[in-house]
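Colleague: I would like a close look at one part of this model, the salt bridges. Please take them pair by pair.

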Amino acid sequence: TLVTYVRQDARTVLMAITLRLRTKDGTERMSVDPQIGLPALLDLVAEQLSLSRQEISVTRDGPGREHLPHSGTLGVAHGDMLYLHYHAERESVAKYVEKDVFKRNATEGELRKQGVKEWTLTSFLDYRSEREFKLGKVPDPHCLYVSVDAGASISFLAHMQSVNFACLRVAMAYGRFTEDGGVQVDAFYEPAQDCTDEKIELTEDPFESRAHKVAGLIGMQLVGWIFGHPPRAYAFGINELMLAAQLHARALEAAQANADAAMPARVPGAAAADKEGEAPPLPAKRFVTLKARLVMEGEAIEGVATVEAYQVTEQCIALVKAEAFKQSATDPRCAKTTKVDCFFMIEAKESRKATAEHFFTRTHDMSRPYASPLRTGFPVANRPTAPQTQHSLREHLLRRRGEPFALVLADLHLLVFVSNVLDMNTDMPLLCEAVASGDSSQLDGFQMMLNSFAEIE
């Protein structure tokens, strides 16, 4: 028997218990004194259920054969079921609480607030479809393969190993989208950031950085990003996928804007030249997410660390743009809908949570070798272990003395550093054009300026 005793003013007080009363109109619940008698119970029932005291009876069984004692206590316990008999018509006091959020909103929630009094099946299904995110089989990636310059990859992995992969680290990947559906990565630029072992925090907008502008001047595009993370048993946290989706979306927007600007004005009435009137897919759809990690014990992978290629799905990009989900507070691998009336549909079942595997796909082909015309000899920007200084430039120029100056400057990080010395709008376009073409004959004046800045005679 569940009865609670409370010590109060040196005497023991018995707290109320709950009885269930089965009626022809449903089950009611009442809080009563555990020592209650039949007359007091009938008075209480009549008062709370608005029934006539003379027309009700309470028994222990449905047919009404097991009567309760007319005197003394009933001897009932918390949760006991009794049967209430009457002939009057009434509605159950214990109202059913609708568990379906959509039905509840249609009668008293968001839908009613919108001023819609009558809903058709079509309009209701349309409303509901906007709040149901169907997660099915993950599609194949747009990117068929990824080739990363060995020097760029080694530089990033070496830095991660130098800190024992203890902290998250992010870099933007610059290169080109190939004509055969792949991606080539020439260089990584690590924007200013303040990351921990659990959280990525960029303090510089990668799309507004000097590196982004310089990369464009040497004919390269932002083709993806890479991040390294501490050892763990899962591929992605939801916050990492959300960042990947945001970067991918911005890359698509920039590519679309460039495509629109480059498109010649069509003659009125002229037919579209592309197939079925549709524009060809943007290469930026192949924007990749690279992941640097330690090789776990038992994996059939050579080396200490490895790089893998992924893409977030188009559905993930759309959901992140709509702020449809966020990372679960209890599990970084799980996404949770931001609104209580929104659900993921997984195998015809509704759930407010979904694992990260529903939002990304993997590009397995990373075996194609690629050697970039850029080099990686200059200190990498924004690394506290080796800052870029005037002395760094001096050492670099002296070490490469005698080589064609276009090759000496063929380093993204060196060009970004030099852009702080030269004018970005007038000098850098000329310098980068010569570097990209390998024409050192146009660089004599720049060589004198940089030697002077580096105090080289």
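Modeller: What follows goes through individual salt bridges and where their partners sit.

The model is predicted, with an average pLDDT of 88 and 87% of the residues scoring at least 70. Residues 1-13 stay under 50, and residues 267-273 are also below 50. Where pLDDT is low, the predicted coordinates should not be read in detail.

Across the whole structure, the search finds 19 salt bridges. In one of them, Arg-383 meets Glu-190 at 2.6 Å, N to O. These two come from distant parts of the chain, 193 residues apart: Arg-383 is in the loop between β19 and α9, while Glu-190 is in the loop between β10 and α6. Both partners count as buried because their relative accessible areas, 12% for Arg-383 and 2% for Glu-190, are under 20%.

A second pair joins Arg-250 and Asp-205, with the closest N and O atoms 3.0 Å apart. Arg-250 belongs to helix α7 (residues 238-262) and Asp-205 to the loop between β10 and α6, so this bridge ties together parts that are 45 residues apart in sequence. Here Arg-250 is partly exposed, at 33%, and Asp-205 is partly exposed too, at 30%.

Arg-400 and Glu-403 make a further salt bridge, at 2.9 Å between the closest N and O atoms. In this pair Arg-400 is buried, with 10% relative accessibility, whereas Glu-403 is partly exposed, with 32%.

Finally, there is a network of salt bridges that links Lys-291, Arg-293, Glu-299, Glu-308 and Arg-362.

Key. Residues numbered from 1 in each chain as written. Predicted model: local features only at pLDDT ≥ 70, side-chain atom pairs only at ≥ 80, totals over all residues. Heavy atoms only, no water. pLDDT = per-residue confidence, 0-100. Contact = heavy atoms within 4.5 Å. Salt bridge = Lys/Arg side-chain N within 4 Å of Asp/Glu carboxyl O. Helix = DSSP H or I, 4+ residues; strand = E, 2+ residues; numbered from the N terminus. Buried < 20%, exposed > 50% of the residue type's maximum accessible area, 1.4 Å probe, protein only.
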